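Me: I want to check some labels against their cut-offs. Please show me the chain before I ask.

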Amino acid sequence: MHTWPNLLSSSSTGPGHPSHRMPEGPELHLASHFVNEACRELVFGGCVEKSPVSRNPEVPFESSAYHISALARGKELRLTLSPLPGAQPPRGPLALVFRFGMTGSFQLVPSDALPPHAHLRFYTAPPDPRLALCFVDIRRFGHWDLGGKWQPGRGPCVLLEYEQFRENVLRNLADKAFDRPICEALLDQRFFNGIGNYLRAEILYRLKIPPFEKARTVLEALQQRRPSPELTLSQKIRAKLQNPDLLELCHSVPKEVVQLGGKGYGPESTEEDFAAFRAWLQCYGTSGMSSLRDRHGRTIWFQGDPGPLAPKGGKSRKKKSKGAQRGPEDQVEDPPPPNKAPSRTRRARRGLPEQTAAQQPKGTSLQRDPEAPRVPEKGKRRRQPATSGRRRPQKIKADTPSLEPEETSAS
């Protein structure tokens, strides 16, 4: 079985596993590389098949013979289906743009061994054995759109369009997005397309920038930064490498993750496979670092002073050096569903006292991630007496595309 070694999938969701971290720019870039390499010599044929539970659009494409290619930009990936000469029925190519949500991935598997949660399937043409390229998404926050257009409002890619990305940020510093803390501004995909939670922590840590410093204060100084005209080209390059600024790190840090390759992200990854990525992390979820939640509920990891715009009353938590073996993603990105308290039967087996209605923990909604849809708050309902010690988990609408919650006009 060919598998994709660079993204998250439904089979890697155990405690402490990196699957609790959302795909960011590097993962999408590695995803496109996987699709292009795995499908280079394959000929696909027939209809595109969508799972009945997915609320994403049907893909009206049929061809007796076509190729599949991929291109990533920020947190999106474009898949292009290109019919071969003489393929029937005659038709032009079709493009789809994917956003991976929290757990999206592609896998190439035998057609008779589809993985769970394979919500879109592209089958190879006969003869057997046939394969299927599957978009796998256990939590169904991922989304695809027909037509191949990048989502409106997203800025240039931090990985592939660095000069345009830098110009877009510095040209728009008057935008109210930069009134906010730098840690929140870094998740605004209108300006930082491809940056997510672990990348923002690593970038700010390397520059020793407090995460709750005002974004405009941090970035305005870069408008004046000009290399001396007396420096040679090699001296200018060396100066950038030795003293990169924040925007340069928004480009170079994701490149470092890409260069790590497939270790740590795959559907069959183990803790040993993840060691390379964990060793690369300097701040995100590592021992001795502190954390706070920003105003959107996202946890930012940092060291030292959080900065002047830190949330009032926010309690900083410090990562213990050695203790429970849970990974940072398990604690930060993916809190457990509401009320995981044991049932009366399980509590009796464990010798625990029965839980009364007054002792039950308050239900907590699933922590929002940038690609997760917004869930409208409902009015409070009158509390009913507890009967079983458990409450019904909250329903979450999982198929509406959205940009980062920090965004405004681009959402």
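Reply: What follows is a set of short questions with answers.

This is a predicted model, where local features need pLDDT of at least 70 and side-chain atom pairs count only at pLDDT 80 or more, while totals for chains, interfaces and linings use all residues. Residues are numbered from 1 along each chain as its sequence is written, and side-chain values use heavy atoms, with hydrogens and water left out.

Me: What makes E184 buried or exposed?

Reply: Buried means under 20% relative accessible area, exposed means over 50%, and partly exposed lies in between (1.4 Å probe, protein chains only). E184 has a relative accessible area of 2%, so it is buried. R180 has 9%, so R180 is buried too.

Me: Why is R40 called partly exposed?

Reply: The relative accessibility of R40 is 48%, so R40 falls in between the two cut-offs. E37 is partly exposed as well, because its relative accessible area is 42%.

Me: How do you know that R40 and E37 meet in a salt bridge?

Reply: A salt bridge is a side-chain nitrogen of Lys or Arg within 4 Å of a carboxyl oxygen of Asp or Glu. For R40 and E37, the N to O distance is 2.5 Å. That is within 4 Å, so the pair counts. Side chains of opposite charge can pair when their charged atoms come close.

Me: What about E184 and R180?

Reply: Their side chains also meet in a salt bridge, at 4.0 Å, N to O. R180 has another such partner in D188, at 3.5 Å. Both D188 and R180 are buried.

Me: Which residues are linked in a network of salt bridges?

Reply: The network links D175, R180, E184, D188, R190 and R295. A search of the whole structure finds 17 salt bridges.

Me: Why is helix α4 called largely enclosed?

Reply: Helices are DSSP runs of H or I with at least four residues, strands are runs of E with at least two, and both are numbered from the N terminus. Helix α4 covers residues 197-207, and nine of its eleven residues are buried, so the rest of the structure largely encloses it. Among the buried ones are Y198, L199 and I203. K208 follows α4 and has a positive phi, near 55°.

Me: How many helices and strands does the chain have, and what share of its residues is buried?

Reply: The chain has ten helices and twelve strands. Of its 411 residues, 51% count as buried.
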